[in-house]
Amino acid sequence: KELAASSYILLSPYSLPYTDDKLLPSGNLRELPSAADKADLIIITKCPVRFEEVNMDLWRKKLNIKAHQQLIFSRTQYAQIEFFDYQFREIPDNSEVLAFAGLANNEFFFNEIKTRYKKVKTRNFPDHHSFNKYDIKDLLKSAGANTYFICTEKDFIKLSHPDFDNLIDKSRFCYLPIDLAFSDEEILKNHIRKIVQIETIKD
């Protein structure tokens, strides 16, 4: 039996929407931009500005939005610092902070840390990096006795392993949780409800 999708949701980054991108290997696209016509919902991700600053009419024309399509924007927003021991505390003012991350692009994370703290050092790790004891020892060696360490939520999950319990001072190691905000959450919620109803009827 041929599989058929109930819906097509297309995600495209604000900095390089699919209409400006190229096919592999010159760009990131696996299909021609015209393939976007089958999408029911288009989400422009990583929006760097406030949603009210987005010119929706301009984007609709740029993407050639069809009558059956809906368009929304999303942006990453960071929450409050969380400590590895899950205890509520704040990093004291003028503390030295060492931010480290293993993302495809660490700069967005590092820039957020720099807006919060004055004394920030950074340490890059490659994307999908598997941390080991030597990494932690090296971080500790490159920092002061009172330095606070901040990583991404993704890397926190990797470091929440018994192998690191004897090395990590959980009162000085923190992570920065992330959340997604949408320009119109109701459009997204209604779209998901529609998909669920379609699948329920099929069953």
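Strands here are DSSP runs of E, at least two residues, numbered from the N terminus. With that settled, pockets first. Keep in mind that this is a predicted model.

The largest pocket has a volume of about 730 Å³. It is lined by 22 residues, and K46, T76, Y78, N105 and F108 sit closest to its centre. Which elements give two or more residues to that lining? Strand 3, at 70-78, helix 2, at 107-116, helix 4, at 153-159, and strand 9, at 178-182. Strand 3 has the largest share, with five residues. By class, the lining of the largest pocket splits into 10 nonpolar, six polar and six charged residues.

Next, the second largest pocket. Its space is about 410 Å³. There are 20 lining residues. Nearest the centre are L10, L11, Y18, L29 and E31. What is the class make-up of this lining? We get 13 nonpolar, three polar and four charged residues.

Now the sheet. It is open, with five strands in the order 4-8-7-5-6, and the pairing is mixed. Strand 4, at 82-83, and strand 6, at 119-124, are the edges, each pairing on one side only. Look at the strand 4 edge. Strand 4 runs antiparallel to strand 8, residues 173-176, and two bridges join them. F83 stands opposite C174 of strand 8.

Last, back to helix 2. We met helix 2 in the lining of the largest pocket. Helix 2 also lies across strand 5, at 96-101, strand 6, strand 7, at 148-152, and strand 8. How is helix 2 angled to strand 5? Helix 2 runs at about 165° to strand 5.

Technical notes
Residues are numbered from 1 along each chain as its sequence is written. This is a predicted model: local features need pLDDT of at least 70, side-chain atom pairs count only at pLDDT 80 or more; totals for chains, interfaces and linings use all residues. Side-chain values use heavy atoms; hydrogens and water are left out. On a 1 Å grid over the protein atoms alone, a cavity is a set of points where a 1.4 Å probe fits but cannot get out, and a pocket is an open set with protein on both sides within 12 Å along at least five of seven lines; lining residues have an atom within 4 Å of a point. Grid points are joined across faces, edges and corners, and a volume is the space filled by probe spheres set on the points. Helices (H or I, at least four residues) and strands (E, at least two) are DSSP runs, numbered from the N terminus. Ala, Val, Leu, Ile, Met, Phe, Trp, Tyr, Cys and Pro count as nonpolar, Asp, Glu, Lys and Arg as charged, and the others, Gly among them, as polar. Two strands pair if DSSP finds at least two bridges between them. Contact means heavy atoms within 4.5 Å. Axes are lines fitted to C-alpha atoms, for helices over the stretch in contact, and angles run from 0 to 180 degrees between N-to-C directions.
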